[in-house]
Amino acid sequence: MVPETYYTMLSAILFSIGVVGVLVRRNPLVIFMSIELMLNAANLALVAFGARFGAADAQVLVFFVMTVAAAEVAVGLAIIVAIFRLRRRLSVDDLSLMRW
Amino acid sequence: MMRDVVVAFVLLNVLVLVVTYVTYVERKFAARMQSRIGPYRVGRPHGWLQPIADAIKLLIKEDIIPAMADRPVYNLAPIVFLIPSFLIFATVPFAPGLGLADLNIGILFFLAVSSLEIVGLFMGGWGSNNKYALLSSMRAVNQIISYEIPFVLAALIPVLLAGSLRLSAIVQAQSGLWFVAYPVIGQLAFAAFIVATIASENRVPFDILEAESELVAGFRVEYSGMKFALIQLAEYTHMFGVSCLGALLFLGGWLGPGLPGPVWFLLKALFIFLLVTWVRWSFVRIRVDQILRFSWKVLLPATLILVMATGLWVALRSGHVS
Amino acid sequence: MELVTFFGVAILAVASALGLVLRRNPIHGALFLVVNLGCVAVLYLLLGAEFLALAQIIIYAGAIMVLFVFAIMVLIPGKEETGPDPLRPQRLLAVPLGAVLLLEAVLVLRSHVVGGGSSRFPGHQPGSPLAAVPPAVRPGGIESVGRLLLGDYLFAFEVTSVLLLAALVGVLTLAKRKAE
């Protein structure tokens, strides 16, 4: 049996890598994928905590997180595609004005 | 543990053999439909050695890698494409107790793993660095996403009727009457399942992603030799796996009088495979927009209504709703 | 055996996450992310959450990643991160900051508030309602998840469907080309 601490540690590592990815990369698509990485790390921690207490509630929560992530990805990618159509290039540094 | 390894090994080899001969059956069947003879020369009678000869030919052919290909992606794609195709058989029960792992979420496993096929597909399309391959994988993404949902919903109807996600339990629930014989619901669900199968296997009339006349051969245009053989093998294995799923879900799996269970199962799976092949050699390709419109505006609402009707019927039958 | 599996999968997960962040080509990044999501699915299996593991594969690897790859193919990027980076010092600052975050997270997880075994969790004694799950309903089992989803969490479940509908409509408005 693997102790849950291992799972939570792994989740912390993955989350930190995701944070670094968001901060370092310039391509909005990669930043978006790093955000997915962070969401997944959080999900893993949730499931590990849930397994410790033998409750299925954590899994239900993770299921909701997945659904929200799916909605978020759809909207986010649509925004990225719209921005690309407008500017013909793809870099988060161009998007500092908070307007089109 | 040891037993599982041995069973898996035997299953894999039997599968490769069966799938190789499934291609032979398809070629003979297609030939019949077009008043041809089909493979005849290699092996007597009726060219029965042809699949083996083809396999050997493909294995010893030169393997060409395009100069501008994204090499790691290009080389990994056939393998990534092949693994899910074989993995889906892990939960398929061929007869009571004859199967690798009869999980309590067997059908969910099947659907999840079979949806991984798309990863190998777009790896091949992207890695080839070829405009036809890229176009083909973009079409594949469109189409597979569109038909995944009706496919899952159609597969959900037997689950609702049987009240279990375990494939062997679904078969057991059909010992009285196969699900395809259930009035109205059964036939409609089976029809939806077949249509979604044809679409998710990219067969005519939904084969826009390999459309020979516009895209040459789609995402596999740059592949040759052994890798091409792997892709073909994966495609036919996947098709055969989905046929097995159809036999389990609608045609009562191994149930049947007289013959032993696995033989019945194989016959039923072949029946579904030939049904799809029959459609393939009878129809013409339809356009992309027609395919998408059909999925989202006809098939998806229809299967949704069917699932709701089935749920209502199950609830009425079990007396939860009076 | 389980420990070996865990470490193998964990190393693969970390390596693929690093691959996502370090590789310049977004398609490679997406493929690394698929590997990572698959690893997390295996970890869910190890934790006894079979339903989540398969949902993870269907939703993430089958749908979300496909959307990503589709967007990448539509945009055909690859030249975005080749030019000189005016904000390079700022960006490199992210690495030590990430390390600090990791350190903090590890410390918090090892502290007695959340980590260190179930017996030390405040308010949770063995035998309390949280732990008293009847053995017939296995916590990871799809049945208990289904009962919770359509029982206690029914409202949230329904709201999620409204959320998905809103996302659908939003994407349609965003992606629609304006009629000239």
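Of the two pairs of chains that touch in this complex, chains A and C share the most contacts. The model is a predicted one, and the predictor assigns the complex an ipTM of 0.84 and a pTM of 0.82. Chains A and B are not joined by any contact; their closest C-alpha atoms are 13 Å apart.

## The interface between chains A and C

On this interface, 64 residues of chain A are in contact with 68 residues of chain C. Three helices of chain A each give two or more residues to the side that touches chain C: H1 (4-24), H2 (28-53) and H3 (57-87). H3(A) provides the largest share of that side, with 22 residues. By class, the side of chain A that touches chain C holds 46 nonpolar, 11 polar and seven charged residues.

Two packed helices are described by the angle between their axes and the distance between the axes. The axes of H1(A) and helix H1 (residues 2-22) of chain C come within 9 Å and cross at roughly 5°. Because angles under 35 degrees count as roughly parallel, H1(A) is roughly parallel to H1(C). From H1(A), the residues that meet H1(C) include Tyr6(A), Leu10(A), Ile13(A) and Leu14(A). On the side of H1(C), the residues taking part include Phe6(C), Ala10(C), Val14(C) and Leu18(C). This contact of H1(A) with H1(C) comprises 15 nonpolar residues, one polar residue and no charged residues.

H2(A) can be checked for length. Its 26 residues should span 38 Å at 1.5 Å a residue, and its end C-alpha atoms are 38 Å apart, so the two values agree. H2(A) is also mostly covered, with 21 of its 26 residues buried. Just after H2(A), Gly54(A) adopts a positive phi of about 60°.

## The interface between chains C and B

Here, 16 residues of chain C are in contact with 19 residues of chain B. Helix H2 (26-46) and helix H3 (50-75) of chain C are the elements that give two or more residues to the side of chain C that touches chain B. H3(C) gives the most to that side, with 12 residues. The residues of the side of chain C that touches chain B divide into 14 nonpolar, one polar and one charged.

## Chain C: fold, confidence and one buried residue

Chain C contains seven helices and zero strands, in the order α-α-α-α-α-α-α along the sequence. Of its 180 residues, 32% count as buried. Among contacts in chain C between residues at least 6 apart in sequence, 43% join residues at least 24 apart.

The average pLDDT of chain C is 76, and 76% of the residues score at least 70. Among the elements of chain C, helix H7 (residues 154-175) has the highest mean pLDDT, 88, and helix H4 (residues 88-92) the lowest, 76. Over residues 116-137 of chain C, pLDDT stays under 50. For that stretch the model has 18 contacts beyond four places in sequence.

Met65(C) lies in helix H3 of chain C. Why does Met65(C) count as buried? There are 23 other C-beta atoms within 10 Å of Met65(C), and a residue is buried if 20 or more lie within that distance. Beyond its neighbours within four places in sequence, Met65(C) is in contact with Ala30(C), Leu33(C), Val34(C) and Tyr60(C). Met65(C) and Val40(C) are 25 residues apart in sequence, and their C-alpha atoms are 14 Å apart in space.

## Positive phi values in chain B

Most residues other than glycine have a negative phi, and most peptide bonds are trans. Two residues of chain B are set out below with their positive phi values.

| Residue | Phi | Loop in chain B |
|---|---|---|
| Ser35(B) | near 55° | between helix H1 (2-33) and helix H2 (50-59) |
| Asn129(B) | about 55° | between helix H5 (117-127) and helix H6 (131-162) |

Ser35(B) is exposed, because 6 other C-beta atoms lie within 10 Å and a residue with 12 or fewer counts as exposed. Asn129(B) has 17 C-beta neighbours inside 10 Å and therefore counts as partly exposed.

Methods:
Residues are numbered from 1 along each chain as its sequence is written. Chains are lettered from A and ligands numbered from 1 in the order in which they are written. This is a predicted model: local features need pLDDT of at least 70, side-chain atom pairs count only at pLDDT 80 or more; totals for chains, interfaces and linings use all residues. pLDDT is the predictor's confidence in each residue, from 0 to 100. Helices (H or I, at least four residues) and strands (E, at least two) are DSSP runs, numbered from the N terminus. Two residues are in contact if their C-beta atoms, placed from the backbone, lie within 7 Å. Ala, Val, Leu, Ile, Met, Phe, Trp, Tyr, Cys and Pro count as nonpolar, Asp, Glu, Lys and Arg as charged, and the others, Gly among them, as polar. The expected span of a helix is 1.5 Å times one less than its number of residues. Axes are lines fitted to C-alpha atoms, for helices over the stretch in contact, and angles run from 0 to 180 degrees between N-to-C directions. Angles under 35 degrees count as roughly parallel, over 145 as roughly antiparallel, 65 to 115 as roughly perpendicular and the rest as oblique.
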